[in-house]
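Colleague: I have a model open and want to learn how to read it. Where do we start?

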Amino acid sequence: MKKTKQLLSILLAVLLIALSVPLAFGASVVDSGYCGNNPDAEYKNVTWLLDSEGVLTISGNGEMRDAYEPWDSYFNSIDSIVVNEGVTAVSNYGFAYCDVLNKVFLPLSLKSIGDCAFENCISLADIELPDNLTTIGMSFRGSGLTSVTIPNKLQSLGSAFESCQSLEKVDLSSNITNLDMYTFLNCVSLTEVVLPNGLKRIGNSCFSGCTALKNLVLPNAVIRIDPYAFEYCSSLKTITLPQSLTVIDTGAFDYCSRLSDVYYTGTEAQWNEITINKNNDPLLNATIHYNYNPNPHIHTIGDAVIENKVAATCTRKGSYDEVTYCTECGEELFRTPHETARKPHTPASAVRENVVPASGNRAGSYDEVVYCSVCNAELSRTQVTLVPLDPPSTEPTQPAQDEYPTQNLNFFQRIIQWFRNLFARLFGR
Ligand SMILES: [Zn+2]
Ligand SMILES: [Zn+2]
């Protein structure tokens, strides 16, 4: 127990000595002073020290003083910068124009990096931005950064990377919802951009003049593309635009002479709803691929649902579609049209038509007709006869009378009459 305690105190002592002497072995102090922003502490809350190895060390608590660079006569000898734990803000213009600066160490306590803090630090190829950083201004304008990853808590980027001519790759998968004006203006080497999932707005001229950018995917949250956002992206060939988009402002895609294919995640009808302001001809001339699925996957077949149902009636068949969608992406997978049988007619009560009333000795008649009470089609028609009101007596009929009577005639006369009657019967006279 006692030994452990001893060991701990020795370690602590070594640590304290190491902290109080921030110099590398063999290095000596070139210059030092105060650079804090707290007048109550006579600006001594933050200190600076430059050693003979070109290492500028910033230590203390709180923010650095803005637009104050007491090391400005050493700009082209500062090789690396170490900002120690406790410092919360790097000042505006803090390390601008440090031509040979190539290594920067920033502490977890750092919350913001001021405007122009690393402006034109042309030898600075990479930097690790600490996790608790929430704000960057136009901090790295014209610097030599080749790639940058934005930490998660960052809310504002400013025009941080304007004219970073060597910047090739940016990973912005953070919680940023707006990209400000000029953020990547004239980043002529930029080829790989990962935008934040929740990005809603792309600022004015944000990627303007990114002449190496060949393709880009805008996440499905972007609502607005501000004026000139991608103007002069002369290599831009394909872009994926989300269905969330409502406005593409003036000149956003002007001079994007190679733009050939737009992959749009919405429908053609949704595309036509987007407000596209003037000077966006390259966009309008490109082929628009509607209903694009940016996350290819094996579809999961959902339960069939019934759509476009048309009920059958007594005059026509019914129909419906049996449709199956992917449960993951909602894409329509199968559609089978079906017919349903015609319904039977509904007979109404019979009505009488063409009624001919019976008279004294003549029969009458009428039609008994049944129509469908729904569609009025004639379903049946039966003729019914009406008996005469005074039916003729049913006496036995007389045998046919000869036309020429033979009673009271002599024999010859009877024979003549008999022939006349025979002729009358044969020839109907
Ligand atoms: Zn799917
Ligand atoms: Zn009917």
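Modeller: With the rule for pairing. Two strands pair if DSSP finds at least two bridges between them. Helices (H or I, at least four residues) and strands (E, at least two) are DSSP runs, numbered from the N terminus. Take a case: strand E25 and strand E26 (residues 364–371) pair in the antiparallel sense over 4 bridges.

Colleague: What kind of model is this, and how are residues and chains labelled?

Modeller: It is a predicted model: local features need pLDDT of at least 70, side-chain atom pairs count only at pLDDT 80 or more, and totals for chains, interfaces and linings use all residues. Residues are numbered from 1 along each chain as its sequence is written, while chains are lettered from A and ligands numbered from 1 in the order in which they are written.

Colleague: What is the mean pLDDT of the protein chain?

Modeller: First the term: pLDDT is the predictor's confidence in each residue, from 0 to 100. The mean for the protein chain is 89, and 90% of its residues reach 70 or more. Over residues 11–21, however, the pLDDT is below 50, and this stretch has 0 contacts in the model beyond near neighbours in sequence. Two residues are in contact if their C-beta atoms, placed from the backbone, lie within 7 Å. Where pLDDT is low, the predicted coordinates should not be read in detail.

Colleague: How many helices and strands are in the protein chain?

Modeller: There are 4 helices and 27 strands. Of the contacts with a separation of 6 or more, 34% come from residues 24 or more positions apart.

Colleague: Back to E25 and E26. Which sheet order do they belong to?

Modeller: The general idea: strands of a sheet pair through backbone hydrogen bonds, either parallel or antiparallel. Here the order is E25-E26-E27, an open sheet of 3 strands with antiparallel pairing. Its edge strands are E25 (351–356) and E27 (378–386), and each pairs on one side only. Neighbouring strands are turned by 20 degrees against each other on average, direction ignored. Axes for such angles are lines fitted to C-alpha atoms, for helices over the stretch in contact, and angles run from 0 to 180 degrees between N-to-C directions.

Colleague: Which residues stand opposite each other?

Modeller: Between E25 and E26, Val356 stands opposite Ser365, and Glu353 has Asp367 as its bridge partner. On to E27: 8 bridges join E26 to E27. There, Ser365 stands opposite Thr385, and Glu368 faces Thr382.

Colleague: How many residues lie between E26 and E27 in the hairpin?

Modeller: There are 6 residues between them, and Asn376 in the turn has a positive phi of about 75 degrees. Most residues other than glycine have a negative phi, and most peptide bonds are trans.

Colleague: Is Asn376 buried or exposed?

Modeller: The cut-offs come first. A residue is buried if 20 or more other C-beta atoms lie within 10 Å of its own, exposed if 12 or fewer, and partly exposed in between; C-beta atoms are placed from the backbone. Asn376 is exposed, with 11 other C-beta atoms within 10 Å. Asn376 and Pro347 are 29 residues apart in sequence and 9.1 Å apart in space, C-alpha to C-alpha.

Colleague: Where else should I look for positive phi?

Modeller: Try Ser163, which has a positive phi of about 60 degrees although it is not a glycine. Ser163 lies in the loop between strand E10 (147–149) and strand E11 (169–171). Ser163 is buried, with 20 other C-beta atoms within 10 Å. Tyr232 also has a positive phi of about 60 degrees. The loop between strand E16 (224–225) and E17 holds Tyr232. Tyr232 is buried, with 21 other C-beta atoms within 10 Å.

Colleague: E17 is new to me. Which sheet order includes it?

Modeller: The order is E15-E17-E19-E21, an open sheet of 4 strands with parallel pairing. Edge strands E15 (215–217) and E21 (287–289) each pair on one side only. Neighbouring strands are turned by 15 degrees against each other on average, direction ignored. E15 and E17 (residues 238–241) pair over 3 bridges, and Val217 stands opposite Thr240 in E17.

Colleague: And how do I read a helix?

Modeller: An α-helix has 3.6 residues a turn, so residues three or four places apart point the same way. The expected span is 1.5 Å times one less than the number of residues. Helix H4 (residues 411–427) has 17 residues and reaches 24 Å from its first C-alpha to its last, close to the 24 Å expected.

Colleague: How many residues of H4 are buried?

Modeller: The count is 0 among its 17 residues, and H4 is hardly covered. E27 is also hardly covered, with a count of 0 among its 9 residues. Across the protein chain, buried residues make up 28% of the 429 residues.
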